[in-house]
Structures are given as C-alpha cells and as structure tokens.
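Colleague: Got a minute to walk me through this one? I'd like to know what I'm looking at.

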Amino acid sequence: MNTIEQLEADYLVIGAGAVSMAFVDTMLTETDASFVMVDRHHMPGGHWNDAYPFVRLHQPSAFYGVASRDLGSNRIDETGSNNGFYELASGAEVSAYFEQVMRQRFLPSGRVSYFPMCTYTGDGQFHSLMSSAEYDVSIRRKTVDGTFFNTSVPSTHQRKFDVAEGVTCVAPNELPRRAANHKQFTILGGGKTGMDAAVWLLDNGANPDSICWVCPRDSWLINRETTQPGDAFFHQAVGGFAAQLEAMRVAASVDDLFERLEAADVMFRIDPSTNPTMFHYATISRGEIDQLRRINNVIRMTRVSHIGPDQLVMASGEVLPADPEILYIDCTATAVQFTENKTQPVFESDLITLQALRAPLVTFSAAITAYAEANFDNDAEKNRLCAPVALADNPTEWMASFVGNMINQNNWSQNPQMRKWISDCRLDPFGGLSREAIAADPARAKTMASITENAVPAVMNLQKLIAEAHATG
Ligand SMILES: Cc1cc2nc3c(=O)[nH]c(=O)nc-3n(C[C@H](O)[C@H](O)[C@H](O)COP(=O)(O)OP(=O)(O)OC[C@H]3O[C@@H](n4cnc5c(N)ncnc54)[C@H](O)[C@@H]3O)c2cc1C
C-alpha cells in the first residue's frame, strides 16, 4: 500500500502562477512563515509555461511580477511597435523570471517547499502527476488559493468548435513553424491573442489580404502610452488618468464615456465604425492598431461552430466558402474565465482566495493581500482593505471595476504605513512618482489637483451610469 508523506507548513499555497508567487514573495519579506507550494506545471509561472512564442506582457515589465525583484532592465524600447515605451517581457522572460525567483529566493530561504508536477485534491492533500507519491499537509495557519482566475490559454484550452479531419487548425504556439507553408490565414478570436497573431503575421510580411479575422466582438483597448510608469511619462500616464476622471465626471452614458476616452487618447478601438462590447483590459500601442487596421476581411458578430475542408459554418447558421489550404489559428481561449469571475471574500477564516484588488493588476493585488495578511489582525479589517474587484468582460463592467479600484485605493491611502508600503512597491505603476518634481512644475501640480477634484464626482457619475445601463438592460 502507498504511504502518504506528512508535511507541515504555516501556509499551503495552491498554484505557483504569477499570483501565488507575488503573494509568497511579500509574505517572505513581511513574516517568518513557512509555505508549501503545489502546482501541476513543471515550473513556476503558471500559464506562462504554455504561452505562444511571440506573446509579451500587455503592460510594462517595470511593474509586473513579484515585489522583491525587478523584471527586465527597465529599458525603453527603441524599435518595433513598442518603440519609445518601457520594455514588455516575452513569455520566455516571464517564465525565466519566476523560475529565478523560486530558485534564487524562495528555496534558499528555507521556508518554501515547492512541489511541481503535483495536483491538489483538497483537504490539505495532493499527489504527484509523475509517481504514486501522495502528500498530506498539516496547515498551521491557512490555505491560499492561487487558482481563482482559472487562466485559459490556446495551447491547453478546450475548443468550443469542431474541426474536420484534414483541416489545419493550430494554437498560435505553432504559427512561426507553420506559417511559411500557407498562403492564407484565418484567425479565430477577437481578443488580444487574436490581435497578437494578426500583428505577428503582418510584421513577418504576410499580405493583409491573405488574412481573414473572425472577430465575434470588438473590443475597447487601453492605449499603452497611458500605462507607462515613472516621472518621464507623467503627462501620458498621470495626465491620462486625469483625463479619464474628467470624462467620467461629465459623461452622459456608457457610449458617451467611451467616445470621450477615445477622444482623449486613453482608449482605442480598431474600427471606429463599430460599438465595442468587449473590455478585457487589452493594452496596445498605436503602431499595433495601425497594423490591425490593414486587415479588411473581418467577420463580425458571430463565432465559428464548425470548420470543414471547404467551408466555415458560423454559429449564426451562415456558411462561408473556405479554401482547404487555409491555416486556422485558434485564439479563442478566454484567458481569464470572465463569465465565472464572481468575487468572494479574500479572507475567510483559514482560506485566502487571491483575487484582483486593483484590476487588472493581479500580481500587485496579490502582494497587497500578503501585506494585509502579515500586518493586520482580523479578517474584517483585512477584507475591508482587500475588497475583491471583478475583472470586466464588457465596458460597463470595466466602469464597475474602476469604481472598485478607486474605493480600494482610497481605503489604502487612509493608512499611513500601507500608503508608504504601496508607494515603495515596484508593482504600483504610480509608485515611483517624485513629489518634488510635481511641486516644482505647475502643469504637473495642476494635473494632480484635477485628479483630487474629479475623483469623487467621477466615481459618483460612474455609479449612476452603471445603474442606468443595468436598468436599460
Ligand atoms: C497572454 C496573457 C498576457 C497577460 N498579460 C498580463 C499583463 O501584462 N499584466 C497583468 O497584470 N496580467 C496579464 N495577464 C493576466 C494573467 O492572467 C496574470 O498576469 C497571471 O499570469 C495569472 O496568474 P495566476 O497565478 O492567477 O494564474 P495561472 O498562471 O493560471 O497559475 C495558476 C497555477 O495553478 C495551478 N493549479 C490550478 N489548479 C491546481 C491544482 N488543483 N493543483 C495544483 N496546481 C493547480 C496551475 O497549474 C497554474 O500553474 C495576461 C494573461 C495572458 C493569458
């Protein structure tokens, strides 16, 4: 009979993805606690292990990852579609980073026991995916669930459409290897992965007319210029935030708000004649938008239900002719399971469920959760400071997540120690701003004053617009 190995730790952490890594990292700094980390993957970093080769962070590397270690070298790119902005780590860089954090910080601390290639089954128990080894953890303090977002990426997700034999339909992971053997391409999915696949094809010389894009929903997109950290980008980032609040204060409807945000260069849509119904925080540069606008063959408002050798059957019932030689690129994975992304209390007696506290910055949120766990005594206070913010699927939900972010930010700023910790934390994009530079520059001081003035009216108007949008369905 198989014996069960007994382990002991203060915290049992399920998952060693970005979110769990950010939580444990801050706990190591703030406490003396010990951790058992369990993950099905062979390396830390979660879904980044399964990423397509041309994936990059949406946001600058400067504020992604764990609090204790820089990701990348804080360089400004000088070429490509991110020219002029802070570097964006590739998937390989993100994976290597988390592996180094584990190998160079967590394991040498002597306080982290890491069990890759293992699956957690509940009640403190997990087993190896490679052998018959089974483990039972005696948990002194809490279980930490780092799997809430249930991230789904193309190489591992379950397709919701059929593909006939002989049709070539691949995850974007295979695109660089397969593309040269095809003259026509059909991209399935309107999210950031679909955009990445389209930009990859165009950047590598594909003729825009050789690309068909099945884009069931158009998306509002965040202008990456407004996400740049630090004083050098004050005008774009803090100024962009001030412009958002101004638009939110005066907007008369959801549509009016987004038109104002677009006019203020805070948001983009690829085709200005559409009314986007999707919002997944996809962040993009103007250069990528210009590339995507070169694709004219876009199938909108319907999904693919079946791909046959010479036809595409859409969920709407429409049947479109198709060339048997087309390379289909499946970009339909949802990343985060948005429809199931209801929130639950972060702190529930002996369970911590890591969620977004400032959407969409999930690693920053996990680090703050760790700070709260380490520095506050009771769950009521911890939950007040760590109110989960549901990640948005559509524009109205984004407005709700913005309100949640603002309320959390306000609560954090009331506590001087927490405010100081956050402003020193590399994961806060606004953290490194110099007070002296603001005080010395009347234009910057004016921007900050406008943020202070507009914050409350903007949140109140957003709440009104959200209620009106719900009332009208
Ligand atoms: C392509 C892409 C780009 C992104 N870019 C950004 C960005 O720029 N900025 C940003 O903030 N966010 C970004 N995101 C959002 C992203 O979801 C987070 O950054 C983050 O990587 C999610 O980490 P996670 O730990 O929540 O999930 P995961 O990476 O899914 O990790 C969870 C881990 O838990 C393990 N697990 C689950 N169940 C069990 C079990 N029962 N037993 C053992 N192990 C289990 C899984 O194997 C997995 O390794 C991006 C997402 C994608 C898909």
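Modeller: Keep in mind that this is a predicted model. Let's start with two strands: strand 15 (residues 304–307) and strand 16 (residues 311–314) pair in the antiparallel sense, over three bridges. Together they form a hairpin with three residues between them.

Colleague: Which residue in strand 16 is the bridge partner of Ile-307?

Modeller: Leu-312 is the partner of Ile-307. Leu-312 also has a bridge partner in strand 17, namely Leu-320.

Colleague: And how does strand 17 pair with strand 16?

Modeller: Strand 17 (residues 319–321) is antiparallel to strand 16, with three bridges. Four residues lie between these two strands in their hairpin, and Gly-317 there has a positive phi near 100°.

Colleague: Switching topic. What is the strand order in the open sheet of five?

Modeller: The order is 8-18-9-10-14, and the pairing is parallel.

Colleague: Which strands stand at the edges?

Modeller: Strand 8 (168–170) and strand 14 (297–300) do; each has a single partner strand, so one side of each has no neighbour in the sheet. On average, neighbouring strands of this sheet are turned by 20° against each other, direction ignored.

Colleague: How many bridges join strand 9 to strand 10?

Modeller: Four, between residues 185–188 of strand 9 and residues 211–215 of strand 10. In that pair, Phe-185 stands opposite Ile-211 of strand 10.

Colleague: What does helix 4 lie across?

Modeller: Helix 4 (residues 192–203) lies across strand 9, strand 10 and strand 18 (327–330). The helix runs at about 170° to strand 10.

Colleague: Now helix 1 and helix 2. At what angle do they pack?

Modeller: About 25°, with the axes 11 Å apart; helix 1 covers residues 18–30 and helix 2 residues 91–106. Because of that angle, helix 1 is roughly parallel to helix 2. The crossing is left-handed.

Colleague: Which residues meet there?

Modeller: From helix 1, Ala-18, Met-21, Val-24 and Asp-25; from helix 2, Phe-98, Val-101 and Phe-106. That contact counts six nonpolar residues, no polar ones and one charged.

Colleague: Last thing, the domains. Where are they?

Modeller: The domain assignment puts domain 1 at 4–151 + 337–399 and domain 2 at 162–220 + 269–330. Taken over C-alpha atoms, their centres are 31 Å apart. The contact takes 16 residues from domain 1 and 19 residues from domain 2.

Colleague: What kinds of residue does domain 1 bring to the side that touches domain 2?

Modeller: Nine nonpolar, five polar and two charged.

Definitions and conventions. Residues numbered from 1 in each chain as written. Predicted model: local features only at pLDDT ≥ 70, side-chain atom pairs only at ≥ 80, totals over all residues. Domains from an automatic or database assignment. Contact = placed C-beta atoms within 7 Å. Nonpolar A, V, L, I, M, F, W, Y, C, P; charged D, E, K, R; others polar. Pairing = 2+ DSSP bridges. Axes fitted to C-alpha atoms, helices over the stretch in contact; angles between N-to-C directions. Parallel < 35°, antiparallel > 145°, perpendicular 65-115°, else oblique. Left-handed = near helix turned anticlockwise from the far one by under 90°.
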